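Biologist: Can you walk me through a few spots in this model? I am new to this, so plain words please.

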Amino acid sequence: MVNRFSRIVKKIKKLPKISHSFLLTKLFCSQVKYASTSKVTLVDIEQQQVKLSMVNRKRVQNHIGGVHAIAAALLAESATGIVFGLNLPDSCLPLLKSMTINYQRRMQGDLTAIASISDQQIALLTQEKGNMDIAVTITDESGEQPIECIMTWAWISKKTKN
């Protein structure tokens, strides 16, 4: 699938590798302002997998010094939304339908999110509308998963202007 977003990502990937994360993060945060506020960093992006990180800094902390639950949810939504949007035709509009987040334990330190999409899921995106679960793995500095997340993304055809 080639869409406007994936074409921009390909152009960035042709530049020196040292600039990829910075430029991809700027691109993403220019569209998702809250991700910029929370300092979400786009570490790596491939057609079927995206890796993001969030540093445990004061602006995203809860009352006990860990990453706030909603900041972790933002990280999960962002990772799944990017990998979903990278594969969605330009003629479709992505919509987050639901998020299921189970908090297992206190988050320790910085967080990393990895979201993936399968070939079968990509094939479904040729339909006019639908929805799918996109899994994301969130790990903290201990290497453990403090939360389990499933994001359900839907898509519909954009209305054409007559």
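Modeller: What follows covers two residues and a pair of strands. This is a predicted model, where local features need pLDDT of at least 70, side-chain atom pairs count only at pLDDT 80 or more, and totals for chains, interfaces and linings use all residues. Residues are numbered from 1 along each chain as its sequence is written, and side-chain values use heavy atoms, with hydrogens and water left out.

Biologist: Where is Asn 3 found?

Modeller: Asn 3 sits in the segment before helix 1 (4-13). Helices (H or I, at least four residues) and strands (E, at least two) are DSSP runs, numbered from the N terminus.

Biologist: Is Asn 3 buried or exposed, and why?

Modeller: Buried, because its relative accessibility is 1%. Buried means under 20% relative accessible area, exposed over 50%, partly exposed in between (1.4 Å probe, protein chains only).

Biologist: Which residues is Asn 3 in contact with?

Modeller: Leaving aside neighbours within four places in sequence, Asn 3 is in contact (heavy atoms within 4.5 Å) with Gly 85, Leu 86, Asn 87, Leu 88 and Asp 90. A polar atom of the Asn 3 side chain lies 2.8 Å from the backbone oxygen of Gly 85.

Biologist: New topic. What does Gly 109 touch?

Modeller: Not counting residues up to four places away in sequence, Gly 109 touches Asn 56, Val 67 and Glu 141. Gly 109 lies in the loop between strand 3 (92-103) and strand 4 (111-116).

Biologist: And how many residues are between strand 1 and strand 2?

Modeller: Three, and the two strands form a hairpin.

Methods. A polar contact is a pair of N or O atoms within 3.5 Å; within protein, one must be able to donate a hydrogen and the other to accept it, and residues adjacent in sequence count only if both atoms are side-chain atoms. Two strands pair if DSSP finds at least two bridges between them.
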